[in-house]
Amino acid sequence: MAAPCPEDPSLERHFKGHRDAVTCVDFSLNTKQLASGSMDSCLMVWHMKPQSRAYRFAGHKDAVTCVNFSPSGHLLASGSRDKTVRIWIPNVKGESTVFRAHTATVRSIHFCSDGQSFVTASDDKTVKVWSTHRQKFLFSLSQHINWVRCARFSPDGRLIVSASDDKTVKLWDKTSRECVHSYCEHGGFVTFVDFHPSGTCIAAGSMDNTVKVWDVRTHRLLQHYQLHSAAVNALSFHPSGNYLLTASSDSTLKILDLMEGRLLYTLHGHQGPATTVAFSRTGEYFASGGSDEQVMVWKSNFDVVDYGEVLKVPRPPAPLATSSGNLTVSILEQRLTLTEDKLKQCLENQQLIMQRTTP
(Lines give C-alpha, C1' and ligand atoms only; values in the text may rest on other atoms or scores of the structure.)
Protein backbone atom coordinates (compact mmCIF):
# COMPACT_ATOMS: atom_id res chain seq x y z
CA MET A 1 0.00 0.00 0.00
CA ALA A 2 1.35 3.44 -0.94
CA ALA A 3 2.19 5.76 1.93
CA PRO A 4 -0.35 8.58 2.27
CA CYS A 5 0.80 11.86 0.78
CA PRO A 6 1.15 14.67 3.37
CA GLU A 7 -1.56 16.65 1.55
CA ASP A 8 -4.17 13.93 2.07
CA PRO A 9 -6.74 14.38 4.86
CA SER A 10 -5.75 12.40 7.95
CA LEU A 11 -7.75 11.10 10.90
CA GLU A 12 -6.48 13.02 13.93
CA ARG A 13 -8.56 11.48 16.72
CA HIS A 14 -11.93 10.00 17.52
CA PHE A 15 -14.22 10.60 20.45
CA LYS A 16 -16.25 7.86 22.11
CA GLY A 17 -18.95 8.67 24.64
CA HIS A 18 -22.29 8.61 22.85
CA ARG A 19 -24.48 5.56 23.46
CA ASP A 20 -26.34 5.72 20.14
CA ALA A 21 -25.97 7.10 16.57
CA VAL A 22 -24.35 10.55 16.29
CA THR A 23 -26.67 12.92 14.41
CA CYS A 24 -24.82 16.28 14.29
CA VAL A 25 -21.46 17.98 14.89
CA ASP A 26 -20.24 21.60 15.02
CA PHE A 27 -16.95 23.34 15.91
CA SER A 28 -16.74 26.43 18.09
CA LEU A 29 -15.29 29.61 16.57
CA ASN A 30 -11.78 29.05 17.97
CA THR A 31 -11.82 25.28 17.18
CA LYS A 32 -11.15 24.56 20.89
CA GLN A 33 -14.48 22.76 21.32
CA LEU A 34 -16.49 20.35 19.21
CA ALA A 35 -20.16 19.70 19.99
CA SER A 36 -22.06 16.58 18.96
CA GLY A 37 -25.64 15.41 19.39
CA SER A 38 -26.96 11.87 19.39
CA MET A 39 -30.00 9.62 19.36
CA ASP A 40 -29.07 8.96 23.04
CA SER A 41 -30.74 12.36 23.90
CA CYS A 42 -27.40 13.83 25.00
CA LEU A 43 -25.22 16.63 23.78
CA MET A 44 -21.44 16.22 24.19
CA VAL A 45 -18.89 19.02 24.11
CA TRP A 46 -15.42 17.65 23.41
CA HIS A 47 -12.20 19.56 23.98
CA MET A 48 -9.69 19.48 21.17
CA LYS A 49 -6.83 19.61 23.69
CA PRO A 50 -5.68 16.04 24.44
CA GLN A 51 -6.56 14.57 27.84
CA SER A 52 -9.29 17.18 28.44
CA ARG A 53 -12.58 16.00 29.86
CA ALA A 54 -15.73 16.14 27.74
CA TYR A 55 -18.97 17.70 28.98
CA ARG A 56 -22.17 15.67 28.70
CA PHE A 57 -25.31 17.83 28.66
CA ALA A 58 -28.60 16.12 29.49
CA GLY A 59 -31.90 17.97 29.24
CA HIS A 60 -33.60 16.90 26.03
CA LYS A 61 -36.20 14.17 26.55
CA ASP A 62 -35.55 12.51 23.17
CA ALA A 63 -32.94 12.27 20.40
CA VAL A 64 -30.82 15.40 19.75
CA THR A 65 -31.02 16.03 16.00
CA CYS A 66 -29.04 19.26 15.46
CA VAL A 67 -26.42 21.44 17.10
CA ASN A 68 -24.84 24.84 16.29
CA PHE A 69 -22.41 27.16 18.13
CA SER A 70 -23.28 30.86 18.08
CA PRO A 71 -20.83 32.98 16.04
CA SER A 72 -19.14 34.19 19.27
CA GLY A 73 -18.92 30.62 20.62
CA HIS A 74 -20.52 31.65 23.94
CA LEU A 75 -23.78 29.81 23.24
CA LEU A 76 -24.67 26.41 21.87
CA ALA A 77 -28.07 25.68 20.34
CA SER A 78 -29.65 22.25 19.93
CA GLY A 79 -32.90 20.83 18.58
CA SER A 80 -34.56 17.55 19.41
CA ARG A 81 -37.23 15.01 18.66
CA ASP A 82 -38.84 16.25 21.90
CA LYS A 83 -40.03 19.29 19.76
CA THR A 84 -37.93 21.78 21.75
CA VAL A 85 -34.91 23.97 21.11
CA ARG A 86 -32.37 24.53 23.87
CA ILE A 87 -29.71 27.21 24.15
CA TRP A 88 -26.82 26.06 26.36
CA ILE A 89 -23.85 27.78 27.92
CA PRO A 90 -21.06 25.37 26.91
CA ASN A 91 -19.23 25.21 30.27
CA VAL A 92 -19.08 22.81 33.22
CA LYS A 93 -22.58 23.62 34.49
CA GLY A 94 -24.17 23.47 31.04
CA GLU A 95 -27.27 25.45 31.95
CA SER A 96 -29.89 25.77 29.20
CA THR A 97 -32.98 27.76 28.23
CA VAL A 98 -35.87 25.99 26.49
CA PHE A 99 -37.65 27.44 23.44
CA ARG A 100 -41.02 25.97 22.44
CA ALA A 101 -43.08 26.67 19.28
CA HIS A 102 -42.69 23.63 17.02
CA THR A 103 -45.30 20.88 17.18
CA ALA A 104 -42.99 18.08 15.91
CA THR A 105 -39.30 17.04 15.77
CA VAL A 106 -36.85 19.93 15.30
CA ARG A 107 -34.43 18.77 12.58
CA SER A 108 -32.09 21.72 12.10
CA ILE A 109 -30.81 24.83 13.88
CA HIS A 110 -28.55 27.63 12.62
CA PHE A 111 -27.47 31.01 14.03
CA CYS A 112 -27.45 34.13 11.86
CA SER A 113 -23.92 35.56 11.38
CA ASP A 114 -24.68 38.40 13.84
CA GLY A 115 -25.87 35.90 16.49
CA GLN A 116 -29.05 37.95 17.08
CA SER A 117 -31.39 35.32 15.67
CA PHE A 118 -31.48 31.65 14.71
CA VAL A 119 -33.53 29.56 12.32
CA THR A 120 -35.04 26.09 12.87
CA ALA A 121 -36.64 23.49 10.60
CA SER A 122 -39.14 20.88 11.72
CA ASP A 123 -41.31 17.90 10.85
CA ASP A 124 -44.28 20.24 11.44
CA LYS A 125 -43.47 21.47 7.85
CA THR A 126 -42.39 24.93 9.06
CA VAL A 127 -39.20 26.98 9.20
CA LYS A 128 -39.14 29.27 12.24
CA VAL A 129 -37.00 32.31 13.08
CA TRP A 130 -36.25 33.18 16.72
CA SER A 131 -34.67 36.04 18.64
CA THR A 132 -31.63 34.78 20.58
CA HIS A 133 -31.52 37.34 23.40
CA ARG A 134 -35.23 38.06 23.73
CA GLN A 135 -35.62 34.26 23.81
CA LYS A 136 -38.75 34.29 21.73
CA PHE A 137 -40.25 32.97 18.52
CA LEU A 138 -40.49 35.67 15.81
CA PHE A 139 -42.17 34.19 12.71
CA SER A 140 -42.81 31.09 10.60
CA LEU A 141 -42.15 30.34 6.92
CA SER A 142 -44.69 27.73 5.84
CA GLN A 143 -44.93 26.72 2.19
CA HIS A 144 -43.35 23.27 2.40
CA ILE A 145 -45.87 20.42 2.16
CA ASN A 146 -43.76 17.82 4.01
CA TRP A 147 -41.14 17.61 6.78
CA VAL A 148 -38.44 20.29 6.62
CA ARG A 149 -35.03 18.70 7.23
CA CYS A 150 -32.72 21.71 7.15
CA ALA A 151 -32.70 25.54 7.15
CA ARG A 152 -29.75 27.93 6.93
CA PHE A 153 -29.14 31.69 6.90
CA SER A 154 -27.11 33.22 4.08
CA PRO A 155 -23.73 34.69 5.20
CA ASP A 156 -25.24 38.23 5.14
CA GLY A 157 -28.39 37.08 7.00
CA ARG A 158 -30.77 38.39 4.34
CA LEU A 159 -31.83 35.04 2.89
CA ILE A 160 -32.86 31.68 4.33
CA VAL A 161 -32.66 28.39 2.46
CA SER A 162 -34.64 25.28 3.44
CA ALA A 163 -34.71 21.63 2.32
CA SER A 164 -37.67 19.31 2.61
CA ASP A 165 -39.11 15.84 2.12
CA ASP A 166 -41.39 17.48 -0.48
CA LYS A 167 -38.24 17.18 -2.70
CA THR A 168 -37.81 20.96 -2.95
CA VAL A 169 -35.25 23.48 -1.78
CA LYS A 170 -36.81 26.88 -1.06
CA LEU A 171 -35.10 30.26 -0.93
CA TRP A 172 -36.73 32.88 1.34
CA ASP A 173 -36.31 36.60 1.81
CA LYS A 174 -36.00 37.13 5.57
CA THR A 175 -37.41 40.69 5.51
CA SER A 176 -40.47 40.11 3.32
CA ARG A 177 -40.83 36.50 4.63
CA GLU A 178 -41.68 35.40 1.10
CA CYS A 179 -40.44 32.41 -0.87
CA VAL A 180 -38.22 33.85 -3.63
CA HIS A 181 -37.67 30.59 -5.51
CA SER A 182 -38.25 26.82 -5.32
CA TYR A 183 -35.63 24.44 -6.71
CA CYS A 184 -37.36 21.20 -7.77
CA GLU A 185 -34.61 19.20 -9.50
CA HIS A 186 -34.08 16.53 -6.80
CA GLY A 187 -35.73 13.14 -7.28
CA GLY A 188 -35.85 12.30 -3.57
CA PHE A 189 -36.25 13.87 -0.11
CA VAL A 190 -33.76 16.74 0.28
CA THR A 191 -31.82 16.07 3.48
CA PHE A 192 -29.43 19.01 3.79
CA VAL A 193 -28.75 22.43 2.28
CA ASP A 194 -26.26 25.24 2.93
CA PHE A 195 -24.94 28.49 1.49
CA HIS A 196 -21.54 28.79 -0.17
CA PRO A 197 -19.35 31.18 1.92
CA SER A 198 -19.65 33.81 -0.86
CA GLY A 199 -23.45 33.75 -0.44
CA THR A 200 -23.93 33.40 -4.20
CA CYS A 201 -24.64 29.65 -4.34
CA ILE A 202 -26.32 26.88 -2.38
CA ALA A 203 -25.56 23.16 -2.26
CA ALA A 204 -28.08 20.46 -1.37
CA GLY A 205 -27.81 16.73 -0.69
CA SER A 206 -30.64 14.28 -1.21
CA MET A 207 -31.87 10.74 -0.67
CA ASP A 208 -31.58 10.40 -4.47
CA ASN A 209 -27.79 10.05 -3.72
CA THR A 210 -26.92 13.34 -5.48
CA VAL A 211 -25.46 16.73 -4.58
CA LYS A 212 -26.58 19.78 -6.56
CA VAL A 213 -25.19 23.33 -6.56
CA TRP A 214 -27.35 26.29 -7.69
CA ASP A 215 -26.64 29.97 -8.25
CA VAL A 216 -29.08 31.94 -6.05
CA ARG A 217 -28.96 35.00 -8.33
CA THR A 218 -29.87 33.28 -11.61
CA HIS A 219 -31.40 30.12 -9.99
CA ARG A 220 -29.38 28.09 -12.52
CA LEU A 221 -28.15 24.59 -11.66
CA LEU A 222 -24.35 25.00 -11.70
CA GLN A 223 -23.09 21.58 -10.71
CA HIS A 224 -24.51 18.09 -10.21
CA TYR A 225 -22.62 15.23 -8.53
CA GLN A 226 -23.69 11.58 -8.53
CA LEU A 227 -20.83 10.06 -6.55
CA HIS A 228 -22.44 8.35 -3.54
CA SER A 229 -24.20 4.99 -3.74
CA ALA A 230 -26.72 5.88 -1.00
CA ALA A 231 -28.44 8.93 0.53
CA VAL A 232 -26.38 12.09 1.11
CA ASN A 233 -27.07 13.00 4.74
CA ALA A 234 -25.04 16.17 5.27
CA LEU A 235 -22.59 18.55 3.62
CA SER A 236 -20.22 21.35 4.61
CA PHE A 237 -18.41 24.01 2.59
CA HIS A 238 -14.74 24.68 3.25
CA PRO A 239 -14.43 28.36 4.38
CA SER A 240 -12.40 29.15 1.23
CA GLY A 241 -15.42 28.08 -0.82
CA ASN A 242 -13.24 25.81 -2.98
CA TYR A 243 -14.27 22.46 -1.49
CA LEU A 244 -17.45 20.69 -0.42
CA LEU A 245 -17.51 17.82 2.06
CA THR A 246 -20.34 15.25 2.04
CA ALA A 247 -21.46 12.41 4.34
CA SER A 248 -23.52 9.49 3.08
CA SER A 249 -25.37 6.36 4.17
CA ASP A 250 -22.87 4.47 1.96
CA SER A 251 -20.54 5.00 5.00
CA THR A 252 -18.14 7.32 3.13
CA LEU A 253 -17.21 10.98 3.29
CA LYS A 254 -16.31 12.66 0.01
CA ILE A 255 -14.42 15.88 -0.69
CA LEU A 256 -15.34 17.65 -3.92
CA ASP A 257 -13.20 20.26 -5.65
CA LEU A 258 -15.77 22.87 -6.70
CA MET A 259 -13.32 24.81 -8.89
CA GLU A 260 -12.52 21.75 -10.99
CA GLY A 261 -15.94 20.14 -10.57
CA ARG A 262 -14.50 16.77 -9.56
CA LEU A 263 -14.11 14.31 -6.70
CA LEU A 264 -10.87 14.78 -4.72
CA TYR A 265 -11.12 12.23 -1.91
CA THR A 266 -13.28 9.41 -0.62
CA LEU A 267 -12.74 8.75 3.09
CA HIS A 268 -13.63 5.49 4.82
CA GLY A 269 -13.76 5.66 8.61
CA HIS A 270 -17.28 5.01 9.81
CA GLN A 271 -18.84 1.57 10.15
CA GLY A 272 -22.34 2.10 8.76
CA PRO A 273 -23.95 5.35 7.61
CA ALA A 274 -21.98 8.62 7.96
CA THR A 275 -24.66 10.97 9.25
CA THR A 276 -23.00 14.35 9.70
CA VAL A 277 -19.97 16.48 8.72
CA ALA A 278 -18.70 19.98 9.50
CA PHE A 279 -15.55 21.96 8.69
CA SER A 280 -13.98 24.02 11.47
CA ARG A 281 -14.25 27.81 11.03
CA THR A 282 -10.72 27.99 9.52
CA GLY A 283 -11.07 24.84 7.45
CA GLU A 284 -8.00 23.27 9.03
CA TYR A 285 -10.09 20.43 10.51
CA PHE A 286 -13.38 18.72 9.83
CA ALA A 287 -15.49 16.43 11.98
CA SER A 288 -17.79 13.57 11.09
CA GLY A 289 -20.30 11.46 12.99
CA GLY A 290 -22.01 8.18 12.23
CA SER A 291 -24.49 5.55 13.28
CA ASP A 292 -21.44 3.74 14.77
CA GLU A 293 -21.67 6.19 17.75
CA GLN A 294 -18.28 7.68 16.83
CA VAL A 295 -17.20 11.28 16.37
CA MET A 296 -14.09 11.59 14.21
CA VAL A 297 -11.84 14.61 13.78
CA TRP A 298 -9.82 14.87 10.56
CA LYS A 299 -7.03 17.25 9.56
CA SER A 300 -7.78 18.68 6.12
CA ASN A 301 -4.16 19.00 4.84
CA PHE A 302 -5.34 19.49 1.26
CA ASP A 303 -5.44 23.30 1.36
CA VAL A 304 -2.43 24.23 3.44
CA VAL A 305 -2.26 27.88 2.43
CA ASP A 306 -2.58 31.12 4.35
CA TYR A 307 -6.18 30.77 5.51
CA GLY A 308 -6.40 34.46 6.36
CA GLU A 309 -5.82 35.24 2.68
CA VAL A 310 -8.25 32.61 1.44
CA LEU A 311 -11.06 33.65 3.76
CA LYS A 312 -11.05 37.25 2.48
CA VAL A 313 -12.64 36.37 -0.86
CA PRO A 314 -14.51 33.06 -0.99
CA ARG A 315 -15.00 32.34 -4.68
CA PRO A 316 -18.21 30.83 -6.05
CA PRO A 317 -17.87 27.40 -7.68
CA ALA A 318 -17.16 27.26 -11.39
CA PRO A 319 -20.23 26.45 -13.47
CA LEU A 320 -20.08 22.96 -14.95
CA ALA A 321 -20.25 23.43 -18.69
CA THR A 322 -21.37 20.66 -21.04
CA SER A 323 -17.99 20.40 -22.72
CA SER A 324 -14.74 20.11 -20.80
CA GLY A 325 -13.29 22.93 -22.95
CA ASN A 326 -15.76 25.47 -21.61
CA LEU A 327 -15.17 24.19 -18.09
CA THR A 328 -11.43 24.79 -18.42
CA VAL A 329 -12.08 28.31 -19.73
CA SER A 330 -14.42 29.18 -16.85
CA ILE A 331 -11.90 27.85 -14.31
CA LEU A 332 -9.14 29.80 -16.00
CA GLU A 333 -11.24 32.98 -15.95
CA GLN A 334 -11.80 32.60 -12.23
CA ARG A 335 -8.13 31.93 -11.57
CA LEU A 336 -7.16 35.00 -13.62
CA THR A 337 -9.64 37.19 -11.75
CA LEU A 338 -8.12 35.96 -8.51
CA THR A 339 -4.63 36.74 -9.85
CA GLU A 340 -5.75 40.23 -10.92
CA ASP A 341 -7.12 40.88 -7.44
CA LYS A 342 -3.86 39.69 -5.90
CA LEU A 343 -1.84 41.81 -8.35
CA LYS A 344 -3.88 44.92 -7.57
CA GLN A 345 -3.36 44.27 -3.86
CA CYS A 346 0.41 43.87 -4.35
CA LEU A 347 0.63 47.15 -6.30
CA GLU A 348 -1.35 48.99 -3.64
CA ASN A 349 0.90 47.54 -0.94
CA GLN A 350 4.01 48.56 -2.88
CA GLN A 351 2.70 52.12 -3.25
CA LEU A 352 2.09 52.29 0.49
CA ILE A 353 5.63 51.07 1.17
CA MET A 354 7.03 53.65 -1.28
CA GLN A 355 5.08 56.46 0.41
CA ARG A 356 6.44 55.41 3.81
CA THR A 357 10.06 55.24 2.63
CA THR A 358 10.13 58.52 0.62
CA PRO A 359 11.40 61.35 2.90
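## A strand-rich predicted model

The protein has two helices and 28 strands; both are DSSP runs numbered from the N terminus, with helices (H or I) needing at least four residues and strands (E) at least two. This is a predicted model, so to speak of local features takes pLDDT of at least 70 and side-chain atom pairs count only at pLDDT 80 or more, while totals for chains, interfaces and linings use all residues. Residues are numbered from 1 along each chain as its sequence is written, and side-chain values use heavy atoms, with hydrogens and water left out.

Now for the overall numbers. Of the 359 residues, 54% count as buried, meaning under 20% relative accessible area, with exposed being over 50% and partly exposed in between (1.4 Å probe, protein chains only). The protein exposes about 16,200 Å², and carbon and sulfur atoms supply 52% of that; the areas come from the Shrake-Rupley method with a 1.4 Å probe, and for residues only the protein chains shown count as cover. Among contacts (heavy atoms within 4.5 Å) with a separation of 6 or more, 46% link residues 24 or more positions apart.

An unreviewed UniProt entry lists "repeat: WD" at residues 15-56, 57-88, 99-140, 141-182, 183-224, 225-266 and 267-299. Those positions follow the numbering used here, feature names are shortened, and annotations may be inferred rather than shown by experiment. Here are two of the listed stretches:

| Residues | Helix | Strand | End C-alpha atoms apart |
|---|---|---|---|
| 57-88 | 0% | 56% | 9 Å |
| 267-299 | 0% | 61% | 12 Å |

Let's look at one sheet. Strands β22-β23-β24-β25 form, in that order, an open sheet with antiparallel pairing; two strands pair if DSSP finds at least two bridges between them. At the edges sit β22 (232-237) and β25 (262-268), each pairing on one side only. From one strand to the next, the twist averages 20 degrees; axes are lines fitted to C-alpha atoms (for helices over the stretch in contact), and angles run from 0 to 180 degrees between N-to-C directions.

Strand β24 is a good one to zoom in on. Five bridges join β23 (residues 243-248) to β24, with Tyr243 opposite Asp257. On to β25: six bridges tie β24 (residues 252-257) to β25, where Leu253 stands opposite Leu267 and Ile255 opposite Tyr265. The β23 and β24 hairpin has three residues between its strands, and Ser251 takes a positive phi near 75 degrees. In the β24 and β25 hairpin, with four residues between the strands, Gly261 has a positive phi near 65 degrees. Both faces of β24 are covered: Thr252, Lys254 and Leu256 are buried on one side, and Leu253, Ile255 and Asp257 on the other.

Leu253 and Ile255 also turn up in the largest nonpolar core, which has 41 residues; they are among those with the most contacts inside it, as are Val169, Val193, Ile202, Leu244 and Phe286. Such a core is a set of buried Ala, Val, Leu, Ile, Met, Phe, Trp, Tyr and Cys residues joined through side-chain atoms within 4.5 Å. A second, separate core of 13 residues includes Leu34, Met44, Ala278 and Val295.

Finally, Ser117 is found in strand β11 (residues 117-122). Why does serine 117 count as buried? Because its relative accessibility is 4%. Leaving out residues up to four places away in sequence, Ser117 touches several residues, including Phe111, Trp130, Phe153 and Lys174. Ser117 and Arg134 are 17 residues apart in sequence and 9.3 Å apart in space, C-alpha to C-alpha.
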